[in-house]
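Reader: I have a model open and would like to learn how to read it. Please take the features one by one.

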Number of protein chains: 2
Amino acid sequence: MLEVMAGKAKSGELALIEQIRKRAGVGSGAVQLGIGDDCAILRPRAGEDLVVTTDFTLEGRHFRRDWHTPRSVGHRTLARGLSDLAAMGAKPVAAFLSLAITRNLVQKRGWIDAFLDGFLHLGEQFGTVLAGGDTSESPSEHVLADVVLMGSVPRGKALRRSGARAGDFLYCTGSLGGATVELAELEKSPRRFRAAKASGDHPHLFPVPRVKAGQALLKRGLATACMDISDGLSTDLAHLCESSGVSAEVEADRLPLHPLARGLDAEAGLAAALHGGEDYELLFTAQVGTKMPQVIGGVPVTRIGTITAKRKGTPQVTLVGADGVRTELAPQGWEHLR
Amino acid sequence: MLEVMAGKAKSGELALIEQIRKRAGVGSGAVQLGIGDDCAILRPRAGEDLVVTTDFTLEGRHFRRDWHTPRSVGHRTLARGLSDLAAMGAKPVAAFLSLAITRNLVQKRGWIDAFLDGFLHLGEQFGTVLAGGDTSESPSEHVLADVVLMGSVPRGKALRRSGARAGDFLYCTGSLGGATVELAELEKSPRRFRAAKASGDHPHLFPVPRVKAGQALLKRGLATACMDISDGLSTDLAHLCESSGVSAEVEADRLPLHPLARGLDAEAGLAAALHGGEDYELLFTAQVGTKMPQVIGGVPVTRIGTITAKRKGTPQVTLVGADGVRTELAPQGWEHLR
């Protein structure tokens, strides 16, 4: 323990770093210096702000090795962070990956290679250079990853959660509920998904972060507020309302259900769309009168409701059913840490 | 598991975020927007490069809760990253903290508060704003932290590992071997250290990152190459030689042993200074003829050897004993991941 804790050199770890470095891009564009020194060096362009987000991807919480292929884990690790950049309308610049692997995976370099395949393939799609990180042996039987994503936006122009105003229309990109339904199917039969590919429509295993849609919203000045739907619509909309000091109404029959959610009975499908997490779509608002295109950055846009003034005694978010009945839409999240 | 993995809202986690947010600084200086949106927003100054580093601090690998107080863990989590910034000569700008805590610590908010005390107290000393991060419940009984540090340097001026040339003198800051000896004492009697404070000289529990020394080296143009000593002198000097394409000689009787290492017999003291990790001093080189001050950024500087040309058949690093006997100084690291 003494030796381990003294953090001495570890040629096994050095080999892992070398494995990652060989696969990572060398410095290019804003990344002046990538993996190999004490720090990476970035050169932001004049007139740009940098946005930064970090996201854990922990085995046993965010994935299971008996359910998820390493390619899917790598993809999802990066997708979480890219989705946060998308929510700000940012252009991805660089990713940093901290990765702790279990002792037995050191022998099985194939797992790490496939993880990197998934991570780097998605990175290439969105011009994200792997510019650094850290490696360690995991203290448990869990693979642990933490990703840092950095992106750039024109100065002062980042999309925020706090700009929604009463009267604004509420929109989302793509479709909702697919990830939670696919996860339930994965749980029942992991084998069915062993050959799933990023090129297929796999909202849980290979979510597509809405980076292009976010950039288009920013560039065209369409949105008053924006965030990504990672914890489920009911929860994330509550966050948006909180940040903006407003309330909202969601119209159930406007919700764009993913085909997987449409395959369920109506109530379960609606629940998946309202509370299912990890859809990684964008939730945004725009002033009435804004000419909203039907497709942004290659993805459909749907109006799902309206922002209203905050009033004492009325719910923060109201769900208007297809039958016109109004009910409170409470955030229906789980208590991880209580 | 389904619910947990769907990543739904977690008011326990929200409470933790709130606990951290309340203690973190609000946006100031280069940090335009801190915790609370999808990303933090940074505004780098014109003419500056940004340097970025990430460092894991994992229970069972980098600390033990039965040895280290939460204050020490918080301090060490940040110190590791600050030391990387110091190695580049950077001015700290912002820190991002990803923190996964165990279920039983949720009840014991005191541990997290003391962790944050240690983290934020060190951050204040060096003008580092906690600007964001992520939280999760740990999938195991281990507290897991990953820290991202961002700093700024004048454009193109970051200190690098790769600039050492044959003939340069080799220096280090402060003293060596203290951290590994204190760790050994901590292992024997953790109780003795329960009241240890950052204000005392505790090279393992409360290392002082050499941020000011690094900035001074950069500003005064003194160093040709620089890195921090985190894995032990023998290992880190090998990295510096590798990056610069040179060899080096270390003179044993020049090494500035920490008082704790001086308390050991001569051989053990020398071994602690050569191979003990986590001293977090700076290792740097300067051209012959450079007027090197005896103290930089408040910390003593000692010449410990010379950079030499790389030659086939001669060791990368040679140790010259007090008796003049020359031996190869191999990196003596442990194999975490083999």
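Author: Start with empty space. On a 1 Å grid over the protein atoms alone, a cavity is a set of points where a 1.4 Å probe fits but cannot get out; lining residues have an atom within 4 Å of a point. Grid points are joined across faces, edges and corners, and a volume is the space filled by probe spheres set on the points. The structure holds one cavity of 30 Å³ or more, with a volume of about 40 Å³. This is a predicted model, in which local features need pLDDT of at least 70 and side-chain atom pairs count only at pLDDT 80 or more, while totals for chains, interfaces and linings use all residues; side-chain values use heavy atoms, without hydrogens and water. Residues are numbered from 1 along each chain as its sequence is written, and chains are lettered from A in the order in which they are written.

Reader: Which residues line the largest cavity?

Author: Arg71(A), His75(A), Gly118(A), His121(A), Leu122(A), Ala198(A) and Phe206(A) do. Helices are DSSP runs of H or I with at least four residues, strands are runs of E with at least two, and both are numbered from the N terminus. The largest share of the lining, three residues, comes from H5(A).

Reader: How many residues of strand E6 of chain A are buried?

Author: Buried means under 20% relative accessible area (1.4 Å probe, protein chains only). In E6(A), residues 144–154, 10 of the 11 residues are buried, so the strand is largely enclosed by the rest of the structure.

Reader: Which strands pair with E6(A)?

Author: Two strands pair if DSSP finds at least two bridges between them. Strand E3 (residues 48–58) of chain A pairs with E6(A) in the antiparallel sense over 11 bridges, and there Thr54(A) stands opposite Val148(A). Strand E4 (residues 91–101) of chain A also runs antiparallel to E6(A), joined by nine bridges; Ala100(A) has Leu144(A) as its bridge partner.

Reader: Where is Ser98(B) placed, and is Ser98(B) buried or exposed?

Author: Ser98(B) belongs to strand E4 (residues 91–101) of chain B and is buried, with a relative accessible area of 1%. Contact means heavy atoms within 4.5 Å. Beyond its neighbours within four places in sequence, Ser98(B) has contacts including Thr54(A), Phe56(A) and Asp134(B). A polar contact is a pair of N or O atoms within 3.5 Å; within protein, one must be able to donate a hydrogen and the other to accept it, and residues adjacent in sequence count only if both atoms are side-chain atoms. One such contact, of 3.0 Å, joins the side chains of Ser98(B) and Asp146(A).

Methods. Buried means under 20% relative accessible area, exposed over 50%, partly exposed in between (1.4 Å probe, protein chains only). On a 1 Å grid over the protein atoms alone, a cavity is a set of points where a 1.4 Å probe fits but cannot get out, and a pocket is an open set with protein on both sides within 12 Å along at least five of seven lines; lining residues have an atom within 4 Å of a point.
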